[in-house]
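Visitor: I would like to understand the words used for this structure, so please set each one against its definition as we go.

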Amino acid sequence: MTAPRTHEGESERAARYRQLEKEWQNDVGKDLLDKPYKARGSTAVFHRQFDRIAREVDLGSPGVVLEIGCGKGHLLARLNELRAAGGPTMVGMDLSRAVFGLRGKGLVGVQGDGEAMPIKDDSVKALIYDGALHHLIDYPAALVDAYRVLVPGGFLILFEPVSSPFSRMVHRVLDPLVFRKVVYESPIDQEYKDHFREERVIETLQNLGMDLTYERTDFLAYPLTGCYAGSVFGRSEPLMKTLLAVEGACRRVPGLRQLAAVVSWRFLVVARKPPATP
Ligand SMILES: C[S@@+](CC[C@H](N)C(=O)[O-])C[C@H]1O[C@@H](n2cnc3c(N)ncnc32)[C@H](O)[C@@H]1O
């Protein structure tokens, strides 16, 4: 869905694309992950990603864990399974009606926009974006807002697509072939394709004074699932588990680790808001 070009200013264009994004997510996007979640191999890969994110979240003490762009709440449901008694409340926010599915999973769902979060200052102990921050046109402003809602000492966890010259080249070559039968890109994905940059994310968080760790992940199993489009490989759980084990082994070998980072599809950032000074 691409709107016709007119002589509008940047803010009008952004407003129009935010509206198109909401409509598309409600009509198409909210159901796109249903297909890969029916495949056992793809699900094993997603669960491995969730468990990697879960390692960064304190699931043993109270507070609020908030995921923006949570879709139908697959990640939050996994965090809820791993949560200890007396652990945090899981809250999901999404632009689309997908969020209404959270209630049936024992989670709190709020329909809302990550670019205008109706959330109190200093109220969230962990805020997560899993594949959603790159859908926000003014993502640096959203990161500043994420900082605002975090409690002092709270964590911002980002698990997003890599935006390197290599990844852009691969997308240009493969997308028309692999995804030719699936309209999987949202209006903002299409119109603001090269807009989202890891280095801008890191710079914004550093300017806020956050301490952060950064790593590239997912270079073998995840791309072979075909993600939204699915693939024959994604159907096989043993194959995907083997590929995940190979990835793990490569990451332990120094030279291969660097090479894997170049061809990875996701990056993980964990940034901490400075704790309150006594
Ligand atoms: C690629 S999907 C990821 C969904 C989910 N994290 C998952 O992995 O199942 C991106 C999600 O971000 C949501 N989204 C897009 N723009 C948003 C915004 N401005 N605020 C909140 N959610 C947004 C979409 O509706 C969609 O559910």
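Visitor: What makes a residue count as one of the 21 that surround the ligand?
Guide: A residue is near the ligand if one of its heavy atoms lies within 4 Å of it; 21 residues surround the ligand, and the closest are D94, D113, G114, D130 and Y228. This is a predicted model, in which local features need pLDDT of at least 70 and side-chain atom pairs pLDDT 80 or more, while totals for chains, interfaces and linings use all residues. Residues are numbered from 1 along each chain as its sequence is written, and side-chain values use heavy atoms, with hydrogens and water left out.

Visitor: Why is the pair formed by the ligand and G114 called a polar contact?
Guide: A polar contact is a pair of N or O atoms within 3.5 Å, and a nitrogen atom of the ligand is 2.8 Å from a polar backbone atom of G114, so this pair meets the cut-off. A backbone N or O atom of D130 also lies 2.8 Å from a ligand nitrogen, and for L95 the distance from a polar backbone atom to a ligand nitrogen is 3.2 Å.

Visitor: What makes up the largest nonpolar core?
Guide: A nonpolar core is a set of buried (under 20% relative accessible area, 1.4 Å probe, protein chains only) Ala, Val, Leu, Ile, Met, Phe, Trp, Tyr and Cys residues joined through side-chain atoms within 4.5 Å. The largest has 29 residues, and V57, V65 and M90 are among those with the most contacts inside it.

Definitions and conventions
A polar contact is a pair of N or O atoms within 3.5 Å; within protein, one must be able to donate a hydrogen and the other to accept it, and residues adjacent in sequence count only if both atoms are side-chain atoms. Buried means under 20% relative accessible area, exposed over 50%, partly exposed in between (1.4 Å probe, protein chains only).
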